[in-house]
Amino acid sequence: MAESERLSKCIEWIDLSFVERKRTPEWAIQVGIRCHLAGMSTRDASQFLDELGVKRSHVAVHNWVHKAELQPVSTVSADQLAVDEKVIRINGDDYWLYGAVDPQTNEILHFRLFPATTKQTTRWFLTELHRRYRLDGVEFLVDDADYLVNVLDEDGYRFQMISHGNRNAIERVFWEIERRTSSFATSFSHVEPQTAESWLKALAVRHNSRQS
C-alpha cells in the first residue's frame, strides 16, 4: 500500500470543513497539520509532504493549522480539575497561558492566552470554563499562583493548594508545550498572539486524541 493511501486511512480526526478549494488532497492537509502539531516546523512539514508527492509551501501548512481553529473537546469525568498559568514568549513579549486538565483522563479541557495575568483575566478564564462544562462541585487543584488562588477564594470556588499528586497533570501538559515550543527556538517568533493561541488549542486537540 502506498504511504499516502495508508496515511489517508488513519488520519481522520481533524475537521476540514474550512477547506474551500480541493487544490490539496484532504489527507495531505491532515498530515501537514498533524506533522506540525507533532513538533515539525512548517518548513519540515512542507518538505515531508513533498516526499509524499504533494508540493505545498510552509505558508500553506501554517494557514491550514490556523484556519482549522481546532478546539479541545472533552467532558469532565472527575470531581477535580488541575489548573495553572504559565508565561509564554511571543515575539519577545510575555503572555500568560491558562490551562485546565482533567487529572483522571489527562485531557486538556481549556487553553486561553492573555497578554497579562490579573484577577480579571483569571475570572475570564474560569467563566469560559463554566460556559463549556458543568463545574458545580468541582474542586480546583492549584499551586501558589497568586491570582488563581485569590480569585478562587474570593468567588467561592472549592480549591486545594497542592504541589503534587493529581495537580501534576497540568504540569505535564505545560512541560510538553515547553518541549515542543523549544523545537521552534524556545518561543513563538514572527507570529501574532492569535496564531500562537490557535496552535496551542490545536495541540490540545492532538493531545486529547492520544488519551483515548
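A crossing of two helices is called right-handed if the near helix is turned clockwise from the far one by less than a right angle, and left-handed if it is turned anticlockwise. The exercises below use this term on a predicted model.

**Exercise 1. Describe the make-up of the chain: how many helices and strands does the chain have, and in which pattern do they follow along the sequence?**

Solution.
- Step 1. Count the elements: there are 8 helices and 5 strands.
- Step 2. Put them in sequence order, which gives α-α-α-α-β-β-β-α-β-α-β-α-α.
- Step 3. Turn to burial: 49% of the 212 residues of the chain count as buried.
- Step 4. Look at the surface. About 11100 Å² is exposed, and carbon and sulfur atoms supply 45% of that area.
- Step 5. Consider contacts with a separation of 6 or more: residues 24 or more positions apart account for 57% of them.

**Exercise 2. Work out how α5 and α6 are arranged: at what angle do their axes cross, and which residues make the contact?**

Solution.
- Step 1. Locate the helices: α5 spans residues 119-132 and α6 spans residues 146-154.
- Step 2. Their axes come within 9 Å and cross at roughly 65 degrees.
- Step 3. Angles of 65 to 115 degrees count as roughly perpendicular, so α5 is roughly perpendicular to α6.
- Step 4. The crossing of α5 past α6 is right-handed.
- Step 5. On the α5 side, K119, T122, R123 and L126 make the contact; on the α6 side, Y147, L148, N150, V151, L152 and E154 do.
- Step 6. Sorted by class, the contact of α5 with α6 has 5 nonpolar, 2 polar and 3 charged residues.

**Exercise 3. Find the buried residues of α6: which are they, and what do they pack against?**

Solution.
- Step 1. The buried residues in α6 are L148, V149, V151 and L152.
- Step 2. The buried residues of α6 pack against the helix α5 and against β1 (80-90), β4 (139-142) and β5 (158-161).
- Step 3. After α6 comes G156, with a positive phi near 80 degrees.

**Exercise 4. Compare two packings of α4: at what angles does α4 meet α3 and α8?**

Solution.
- Step 1. Helix α3 (residues 42-51) and helix α4 (residues 58-68) pack at about 110 degrees, their axes 8 Å apart. The two are therefore roughly perpendicular to each other.
- Step 2. In this contact T42, R43, A45, S46 and L49 of α3 meet H58, V61, H62 and W64 of α4. The classes are 4 nonpolar, 4 polar and 1 charged.
- Step 3. For α4 and helix α8 (residues 193-209), the axes come within 8 Å and cross at roughly 75 degrees. This pair is therefore also roughly perpendicular.
- Step 4. Here H62, V65 and H66 of α4 touch Q194, T195, S198 and W199 of α8. The contact of α4 with α8 has 2 nonpolar, 5 polar and no charged residues.

**Exercise 5. Place A169: is A169 buried or exposed, and which residues outside its sequence neighbourhood does A169 contact?**

Solution.
- Step 1. A169 lies in helix α7 (residues 168-182).
- Step 2. Buried means under 20% relative accessible area. A169 has 2%, so A169 is buried.
- Step 3. Setting aside neighbours within four places in sequence, A169 is in contact with V101, P103 and N106.
- Step 4. E107 is 62 residues away from A169 along the chain, and the C-alpha atoms of the two are separated by 8.8 Å.

Technical notes:
Residues numbered from 1 in each chain as written. Predicted model: local features only at pLDDT ≥ 70, side-chain atom pairs only at ≥ 80, totals over all residues. Heavy atoms only, no water. Helix = DSSP H or I, 4+ residues; strand = E, 2+ residues; numbered from the N terminus. Buried < 20%, exposed > 50% of the residue type's maximum accessible area, 1.4 Å probe, protein only. Contact = heavy atoms within 4.5 Å. Areas by Shrake-Rupley, 256 points an atom, 1.4 Å probe, with all protein chains shown as cover. Axes fitted to C-alpha atoms, helices over the stretch in contact; angles between N-to-C directions. Parallel < 35°, antiparallel > 145°, perpendicular 65-115°, else oblique. Nonpolar A, V, L, I, M, F, W, Y, C, P; charged D, E, K, R; others polar.
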